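This report examines selected helix packing and the cysteines of one chain. The sequence and structure are shown first.

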Amino acid sequence: MASPTVAQVIGRRLHEAGCRHAFGIPGGEVLALMRGIHEAGVKFTLVKHENSGGFMAEGVFHRSGAPGVLIATLGPGVANATNVVANAWQDRVPMLFLTGCVDEDEAATYSHQVFDHAALMKPITKASLRMTPGATEALIDKAIAIAMDDPPGPVHIDVPISVATQHTRHATGTRRTPPAPSAPAASDELTQARKWLTEASRPVLIAGVEALHHHAEDEIRGLVDEFDIPLITTYKAKGIVDERHDLVLGGAGLSPRADEVLLPVVRNADLILLAGYDPIEMRVGWRNVWDERHRVIELSACRNTHYMHQASHSFVGDIRSGLKALFDGLDKSSMWRPDETARVKHQLAHIYRLDEPWGPAAVVDVARQMLPPDTIASVDSGAHRILLSQTWTCFEPRSLMQSSALCTMGSSLPLGIGAKLADPSRPVAVFTGDACLEMTLGELATARDAETPVIVFVFADTSLSLIEIKQRVNGQPNLGVDFLGTDFAAVGRSLGGLGFDVDSREELAAAIEQALAASVFSVISCRLPRHAYDGRI
């Protein structure tokens, strides 16, 4: 039997790592690579833009736990994906970015579409590797390991045209044993941290995406349930504990109005516990929220080099094991009363006015009531994201996807398509601004062709509302933020889906009912008045 080709080995190793989907746009330089992964059982989905393909890959990751796979041809294909690769780097998304390239001998005298991919990728990836036939197994295993290691992120692999079809033989030492989880070692710092926990009557817990990467959901839930510790999360960690819980205060990160309520809770705590809290998601208002007088215990996957905050004691290692080491054998000391956290949640709800007759909050309210509890949602960047991230109730982890570190526009539709492909039994709701959807309208055709009946909610106010608000606040003229309205319902129908135009709760509810029963994607354009976000983001 002939030895496998490099492309076949790459495909088999991706399949072994749990990858079942890859996304991209073909070019002659990646045809052999695409065939290799297809033969291994990794389905390739054609997209309309490489940037969207990367977000679909991220959507798959959130539902499967396996690294996302994006494929691009050389030159413009690589350049098109720069944004989504940078997003994966900032948003801690493990991704394998496989690109075609010309062979070195060819590049010596041929320049059409040729540039240094590795140089472009260097500042926005964890590593950039060049595939060789003699080290194929080691290189693909190394790429997967680096992508999944803390902090997770993208790894680029350039595959020269001739290398993809060359045969390669199995080599020893090409599989890394996953590192065992580590907990804080016995130390004076650990002893003092545990003592502080027994003395704290007003502790507050802030959890971030690292807690999800380390599967610490049960431990976080136990702290909230058994130790009566109020929980604040970053947006990506929303749902790590069901947000209907009395002690879950919701997500934070981008809303100054929410900060007015949540930051005093943090500053007045007598102990702050950070569990996998990565401040890359947070607005500048969360820089140095506490000072040296506060007792702060940090459990982090990586050493603190961001300097957004400091901690009294910082333990680097596995979040799940670290929480167990900290709390093992301790008794509850919290004196928080239910009415106190209820008051905080009421203050937040008052800001966003979910009970309004019609407006952006009404869209969120009706959708949350109508959609099944197991709905997976995605939300795009803009004013609507800030409002929705504060008001959309998450019942479980990874049930709201967004670009929360880089804040890229045009992410929600492809995120939703990827999630639906990976987990077709669940309803998927895509929340997007009108400007965001105009950037990615072509991916509605991808939703059609991939047979992913996502439900797309458009916050249609014909304005870049978040930027328009900033212009007004800063006394600047209205410039470059308004545009004519697109008939999104008609566009949806023309591309093979359902389309609805709504401007009331009743019309929205009727549209959702039809969309849930449909076998194709739906676009629900929610017409909103100008300045609908004033005073609530």
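## Basis of the description

A residue counts as buried under 20% relative accessible area, as exposed over 50%, and as partly exposed in between. The model discussed here is predicted.

## Cysteines

With a relative accessible area of 29%, C407 lies between these two cut-offs and is therefore partly exposed. C19, by contrast, has a relative accessible area of 2% and is buried.

Searching the whole structure yields zero disulfides. A disulfide requires a pair of cysteine sulfur atoms within 2.5 Å. For C407, the closest cysteine sulfur belongs to C436 and is 11 Å away, so the two are too far apart for a bond.

## Helix α5 and its surroundings

Helix α5 spans residues 82-90. Its buried residues are V84, V85, A86, N87 and A88. These buried residues pack against two other helices, α3 (50-64) and α7 (117-121). They also pack against the strands β3 (68-72), β4 (95-101) and β6 (154-160). After α5 comes R92, which has a positive phi, near 60°.

## Packing of α3 with α5

Two packed helices are described by the angle between their axes and the distance between the axes. For α3 and α5, the angle is about 30° and the axes are 7 Å apart. Angles under 35 degrees count as roughly parallel, and α3 and α5 are therefore roughly parallel to each other.

On the α3 side, the contact involves E50, N51, G54, F55 and E58. These residues meet N83, V84 and N87 of α5. By class, the residues of this contact comprise two nonpolar, four polar and two charged. Of the α5 residues named here, V84 and N87 are also among the buried residues of that helix.

## Packing of α3 with α18

Helix α3 also packs with helix α18, which covers residues 412-422. The axes of α3 and α18 come within 7 Å and cross at roughly 45°. The two helices are therefore oblique to each other, and the crossing of α3 past α18 is right-handed.

From α3, the residues S52, F55, M56, E58, G59, V60 and R63 take part in this contact. Their partners in α18 are P414, L415, I417, G418, A419 and A422. The contact residues divide into eight nonpolar, three polar and two charged.

F55 and E58 of α3 appear in the contact with α5 and again in the contact with α18.

Key
Residues are numbered from 1 along each chain as its sequence is written. This is a predicted model: local features need pLDDT of at least 70, side-chain atom pairs count only at pLDDT 80 or more; totals for chains, interfaces and linings use all residues. Side-chain values use heavy atoms; hydrogens and water are left out. Buried means under 20% relative accessible area, exposed over 50%, partly exposed in between (1.4 Å probe, protein chains only). Helices (H or I, at least four residues) and strands (E, at least two) are DSSP runs, numbered from the N terminus. Contact means heavy atoms within 4.5 Å. Axes are lines fitted to C-alpha atoms, for helices over the stretch in contact, and angles run from 0 to 180 degrees between N-to-C directions. Angles under 35 degrees count as roughly parallel, over 145 as roughly antiparallel, 65 to 115 as roughly perpendicular and the rest as oblique. Ala, Val, Leu, Ile, Met, Phe, Trp, Tyr, Cys and Pro count as nonpolar, Asp, Glu, Lys and Arg as charged, and the others, Gly among them, as polar. A crossing is left-handed if the near helix is turned anticlockwise from the far one by less than a right angle, and right-handed if clockwise.
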